[in-house]
Amino acid sequence: GEQVAALVLDGSNVHTAIWNSKLGTHIAAITDKYEVYLWQQGDFRKLDGVSGPIAWSPDGIYLAGARADATIVVWDSRTGSVFWEFLGHTGDVNSIDWSLADAKSFVSHGDDGQIRLWNLGYAGATAVIDTGDTSSSWVAFSPSGTLIAFMGSNEGLQVYPTRMEDLIATACRVAVRNLGPIDWQEFIGPEEPKEICPNKPI
């Protein structure tokens, strides 16, 4: 057939290309220099400052990508403009995955050892899980969106709930007392600690 587009770059090569499976007319391509290009309507455009990874939302509208400064950027593929920027990771982001159950929620893991859950309606993370694993990793939502699987180098495959109430219940099951500041940081996140485990001493 006739070629309709080509991305040829001096000094770098495309090593990954991801179709937008919903729209079918958009491709996101990553080079070996971690530059990201978006193909739509017959033309490629560079998304400035992105170092990878990238992931399409299941409705095909949004593309999430990580910058070198650990900021996660979400673009609106309909306009090509930045829709939202998420701050929180303090190390390189090495994995991003969108929830199939909710096209506005996604999860990320970084070299800071944290899994962070995000929602396009909130400026900050909706939950933070400290895995203690600072290596390159893989994180993914379950089809229902209620669980996330994490694979790093420390303990093989780990599975965590995504809802805050489930995270709290998990923490209380292993706690012998009410959560203190250190426990809260490990199991819940950076929010102000509260007494949340019933029938547990302080």
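Q: What makes the strands β9, β10, β11 and β12 an open sheet, and which of them stand at the edges?
A: In this predicted model, four strands line up in the order β9-β10-β11-β12, with antiparallel pairing. β9 (93–98) and β12 each have a single partner strand, so one side of each is left without a neighbour in the sheet. From one strand to the next, the twist averages 25° in another sheet described below, and 15° in this one.

Q: How do you know that β9 and β10 pair?
A: Two strands pair if at least two bridges are found between them. Five bridges join β9 to strand β10 (residues 105–110), so the pair meets the cut-off of at least two. The two strands run antiparallel. One of the bridge partners can be named: S95 is matched with H109 in β10.

Q: Where is G124, and why is G124 called partly exposed?
A: G124 is found in the loop between β11 (114–119) and β12 (127–130). The relative accessibility of G124 is 31%. Buried means under 20% and exposed means over 50%, so a value in between is called partly exposed. G124 therefore counts as partly exposed. In sequence G124 and F86 are 38 residues apart, while their C-alpha atoms are 6.5 Å apart in space.

Q: Which strands are the edge strands of the sheet β1-β2-β3-β4?
A: Four strands form this open sheet, and the pairing is antiparallel. β1 (14–19) and β4 (43–47) each pair on one side only, which makes them the edge strands.

Q: What makes β3 and β4 a pair?
A: Strand β3 (residues 36–40) and β4 are joined by five bridges in the antiparallel sense. The rule asks for at least two bridges, so the two strands count as paired. Within this pairing, the bridge partner of V36 is L47 in β4.

Q: Why is the contact between E85 and R67 called a salt bridge?
A: The rule asks for a side-chain nitrogen of Lys or Arg within 4 Å of a carboxyl oxygen of Asp or Glu. For E85 and R67, the closest N and O atoms are 3.2 Å apart, so the pair satisfies the rule. E85 lies in strand β8 (residues 81–86) and R67 in strand β6 (residues 62–67), so the salt bridge ties together parts that are 18 residues apart in sequence. E85 itself is partly exposed, with a relative accessible area of 39%.

Q: How do you know that D76 and R78 form a salt bridge, and is each of them buried or exposed?
A: The closest N and O atoms of D76 and R78 are 2.8 Å apart, which lies within the 4 Å limit. The relative accessible area of D76 is 8%; buried means under 20%, so D76 is buried. R78 has a relative accessibility of 56%; exposed means over 50%, so R78 counts as exposed. By this rule the count of salt bridges comes to two.

Q: What is the make-up of the protein as a whole?
A: The protein has two helices and 15 strands. Of its 202 residues, buried residues make up 47%. The accessible surface comes to about 10500 Å², and 52% of that belongs to carbon and sulfur atoms. Among contacts with a separation of 6 or more, 33% are between residues 24 or more positions apart.

Note on methods: Residues numbered from 1 in each chain as written. Predicted model: local features only at pLDDT ≥ 70, side-chain atom pairs only at ≥ 80, totals over all residues. Heavy atoms only, no water. Buried < 20%, exposed > 50% of the residue type's maximum accessible area, 1.4 Å probe, protein only. Contact = heavy atoms within 4.5 Å. Areas by Shrake-Rupley, 256 points an atom, 1.4 Å probe, with all protein chains shown as cover. Axes fitted to C-alpha atoms, helices over the stretch in contact; angles between N-to-C directions.
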